[in-house]
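Work through the exercises below with the structure open. Try each task before reading its solution.

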Amino acid sequence: MVERVLVVGSGGAGKTTFSLALAERTGLPVVHLDAHFWRPGWVQPSSEEWAEQVDRLAAEPRWIMDGNYGGTMDRRLAACDTVVLLDPPRLLCVWRVVKRRLKHHGATRPDLAPGCPERLTMEFIRWIWSYPQRKRPTILEKLARLRPDQRAIVVRSQADIEAFLAWAGADGTSAPSPPFTPIVP
């Protein structure tokens, strides 16, 4: 059973789509970190303000929290019972953000704060492209240090997604672990 699920991964990995599907199966509320982080006009909060906001969000008893934000990752990891690292190929991630940009051109996505119209920068594309080498190893190291009462899963394919969703949405008679191998860094 899952109560507090942290969903992380590269831009375009499918965090929002996965989180919404998981919420449908489990009834857990979704917290889109992008919607809480950004202020109108793509203005960032101070580090202290953001840390306080994350602490308030993580203190809730049940949630699916999607987003990366490395500066507060440890706070969220301490509060969750499950981490799902979405890890599709980076070319697919780039394709998805380009498609998302076209779909939401000039508008604000539902998972973003008001006043933050969809945008796509070369800096973001470079971040996605370098994610497997620059960000993923650090996340895997953190996941390898989770407490025994926590679980971490790397989801690389649609089949992995479906298996996890089926397990998480079971009626409580499922095995205590998902039907696939937890991560090994």
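**Exercise 1: the first helix**

Compare the span of helix α1 with its expected span.

Solution. The model is predicted. Helix α1 covers residues 15-26, which is 12 residues. From first C-alpha to last, α1 reaches 16 Å. At 1.5 Å a residue, 16 Å is expected, and the two are close.

**Exercise 2: the two faces of α1**

Find which residues of α1 are buried, and explain why they lie on the same side.

Solution. Start with the cut-off: buried means under 20% relative accessible area. K15, F18, S19, L22, A23 and T26 of α1 are buried. They cover an arc of only 135° around the axis, so they sit on the same side of α1. The general rule: an α-helix has 3.6 residues a turn, so residues three or four places apart point the same way. Now turn to the face away from the buried side: T17 and E24 are exposed there.

Next, look for the cover. The buried residues of α1 are covered by elements including β1 (4-9), β2 (30-32), β3 (63-66), β4 (82-86) and α8 (158-168). Last, step past the helix end. G27 follows α1, with a positive phi near 80°.

**Exercise 3: the whole chain**

Describe the element order and decide how compact the chain is.

Solution. Count eight helices and five strands. From the N terminus, they run β-α-β-α-α-β-α-β-α-α-α-β-α. The radius of gyration is 16 Å, close to the 16 Å of the globule rule for 185 residues, so the chain is as compact as a globular protein of that length. Along its principal axes, the C-alpha trace spans about 45 × 35 × 30 Å. Of the 185 residues, 46% count as buried.

Key: Residues are numbered from 1 along each chain as its sequence is written. This is a predicted model: local features need pLDDT of at least 70, side-chain atom pairs count only at pLDDT 80 or more; totals for chains, interfaces and linings use all residues. Side-chain values use heavy atoms; hydrogens and water are left out. Helices (H or I, at least four residues) and strands (E, at least two) are DSSP runs, numbered from the N terminus. The expected span of a helix is 1.5 Å times one less than its number of residues. Buried means under 20% relative accessible area, exposed over 50%, partly exposed in between (1.4 Å probe, protein chains only). The arc is that of the directions from the helix axis to the C-beta atoms. Contact means heavy atoms within 4.5 Å. The radius of gyration is taken over C-alpha atoms; the globule rule is 2.2 Å times the number of residues to the power 0.38.
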